[in-house]
Amino acid sequence: MKQTFGNLRLRPSEREGKLIKICEKKLHAPVRSFRILKKSLDARDKADIHWVYTVECSDEEEREQEPRYEQVKRQPRVYVAGTGPAGLFCAVRLLAHGIRPILLERGRPVEERVRDVGKFMADGVLDPSSNVQFGEGGAGTFSDGKLNTQTNSPLNRDVFRTFVRFGAPAEIAYLNKPHIGSDRLREVVANIRRYILQEGGQVRFSSCLTDVEVKDGKLSAVFVNGVREEADELVLAVGHSARDTFEMLLARGFEIGQKPFAVGVRIEHLQSAVGKAQYGSGYLALPPADYKLVSHAGERAAFTFCMCPGGVVIPAASEEGGVVTNGMSNYARDERNANSALIAQVGPEDFGSEHPLAGVAFQRKLERAAFTAAGGKYFAPVQLVGDFLAGKESYYFGEVRPSYARGTSFAPLESYLPPVVVSSLRAALPDMGRRLSGFDAYEAVLTGVESRTSSPVRILRGDDLQAAGKEGVYPCGEGCGYSGGITSSAADGIRIAERIAAKYL
Ligand SMILES: Cc1cc2nc3c(=O)[nH]c(=O)nc-3n(C[C@H](O)[C@H](O)[C@H](O)COP(=O)(O)OP(=O)(O)OC[C@H]3O[C@@H](n4cnc5c(N)ncnc54)[C@H](O)[C@@H]3O)c2cc1C
């Protein structure tokens, strides 16, 4: 009989095999099937840090049934613009229903994209179509691959299962803070592409959706690099950096609203300092520590976001003449530094409420200011936390060296961030330092500018998930304002696929 046991504790030095013995004692029988449902680290008491498990086990053999999907009766021409998590997961679910989608991706395949990004870091020549934002796998390909989500969608389980099916570590299905790592994510993305091709879908690279044609309120065609192709359905999974696509959609009469987002900097510490602060002296036996902090000490709330343990700060620009930072870790999270975004929210009060794309213009202004502040060449402006708090310029680094591979120049935050964000971060740092020892250490490094935390727009869609007055067009994922992060974007892609499939069943 299948049974669930919760609150099973193991010390970090103990092996998981011990859980089976514990279950056998509880079942009074040999365990024939066993599955971890949840695993989290309890580090509240530094003297008694332990893993906590919920497991499901049975004294009978159990096999999980693969879900079956109803097949469509006719084959529509479904275009999916964008191969980020929203587009890829949408495509996989469409295929499950027998729909063979045509994926359009403005960037290049992940293998070539990795080389393009490496070249940009080395020589500072940006390819506006192949970079950390654009290309196969979308914005999250060069990420930590954290899969935490604020949403409690039942689709999250489908997302984890699909990730594992295409090569992600099995543990993501049960860890309370799952992460894949940029290195493994790239393999997963390539595996999904192979599957789509093998099942009869198309994945077209260097293929930008440049226009849409809507007749009598219904989609009739898409334009790919300017060439017209007839289409029945279009999924807009273009991500938050598709600024030219937003302009095109606005010109075509799509209803676009503003959306608040957050801006600031990346903050870097030594990973060992974060480990000691969170776990005490035993930190080396534990996974690289993370943190999440919020402060209301300033005029605006400030918070940390997208923390990358053992990771690097990466150049994430997609437009010439702008500097953008973000964070990335590999699966092992074994780099010297820890980094996270340290940001405060901005909205219409900062960029005006008249133009739907005012948030985009605001982001661009900050990115250009950061580029200029650091002297060009896509170097990033940096300042030490101690100097920032004292209102002084920085001249040399302490033990924390910035990991931003393209290069850095010292410049104060005031030279590229709005005063309200600067003052809010200045108030927040000591406050956060009281909660995480060393967070406001003098030598911690602030690298700017973190401007692409989420979409500055929302492309309005109705309850039927279609754009208002544009039947057959489905705004999807983060760029259109319906998700934040990898998991919820992938889930939104699945949601849209189900809606499209339902039309043809
Ligand atoms: C460096 C970095 C680290 C991150 N770390 C994490 C993390 O650890 N965890 C997490 O949950 N989230 C993370 N994020 C955020 C996460 O990547 C996004 O939330 C997620 O990728 C959004 O998915 P999406 O499919 O909606 O859009 P995207 O992933 O942005 O994909 C959009 C795709 O559309 C393509 N495209 C754009 N316009 C067009 C067009 N007109 N025609 C054809 N193709 C087009 C783009 O090239 C891109 O590939 C990170 C982001 C970055 C940049």
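Is T162 buried or exposed? Select this residue in the predicted model: T162 is buried, because its relative accessible area is 12%, and the cut-off for a buried residue is under 20%.

**Around T162**

Display helix α4, which spans residues 155–165 and contains T162. Next, show the side chain of T162 together with the backbone of D158; the side chain reaches the backbone oxygen of D158 at 2.7 Å. Then add F89 and V92, with which T162 is in contact when its neighbours within four places in sequence are left aside.

**The ligand and its shell**

Now select the ligand and the residues that surround it, 37 in number. The closest are E105, A139, F142, E478 and I486. By class, this shell comprises 15 nonpolar, 17 polar and five charged residues.

**Polar atoms at the ligand**

Three distances may be displayed in turn. For R106, select the side chain: one of its polar atoms lies 3.0 Å from a nitrogen atom of the ligand. For A139, select the backbone, where an N or O atom lies 2.8 Å from an oxygen atom of the ligand. For G145, a backbone N or O atom lies 3.3 Å from an oxygen atom of the ligand.

Switch to a surface representation: the protein covers 96% of the 1000 Å² of accessible area that the ligand has on its own. Colour α2 (85–96), β16 (325–328) and α12 (486–504), the elements that give two or more residues to the shell.

**Domains**

Finally, colour domain 2 (78–257 + 457–504) and domain 3 (261–450) separately. Both give residues to the shell around the ligand, so the ligand lies between domain 2 and domain 3.

How values were computed:
Residues are numbered from 1 along each chain as its sequence is written. This is a predicted model: local features need pLDDT of at least 70, side-chain atom pairs count only at pLDDT 80 or more; totals for chains, interfaces and linings use all residues. Side-chain values use heavy atoms; hydrogens and water are left out. A residue is near a molecule or strand if one of its heavy atoms lies within 4 Å of it. A polar contact is a pair of N or O atoms within 3.5 Å; within protein, one must be able to donate a hydrogen and the other to accept it, and residues adjacent in sequence count only if both atoms are side-chain atoms. Accessible areas come from the Shrake-Rupley method with a 1.4 Å probe; for residues, only the protein chains shown count as cover. Helices (H or I, at least four residues) and strands (E, at least two) are DSSP runs, numbered from the N terminus. Ala, Val, Leu, Ile, Met, Phe, Trp, Tyr, Cys and Pro count as nonpolar, Asp, Glu, Lys and Arg as charged, and the others, Gly among them, as polar. Domain bounds come from an automatic or database domain assignment. Buried means under 20% relative accessible area, exposed over 50%, partly exposed in between (1.4 Å probe, protein chains only). Contact means heavy atoms within 4.5 Å.
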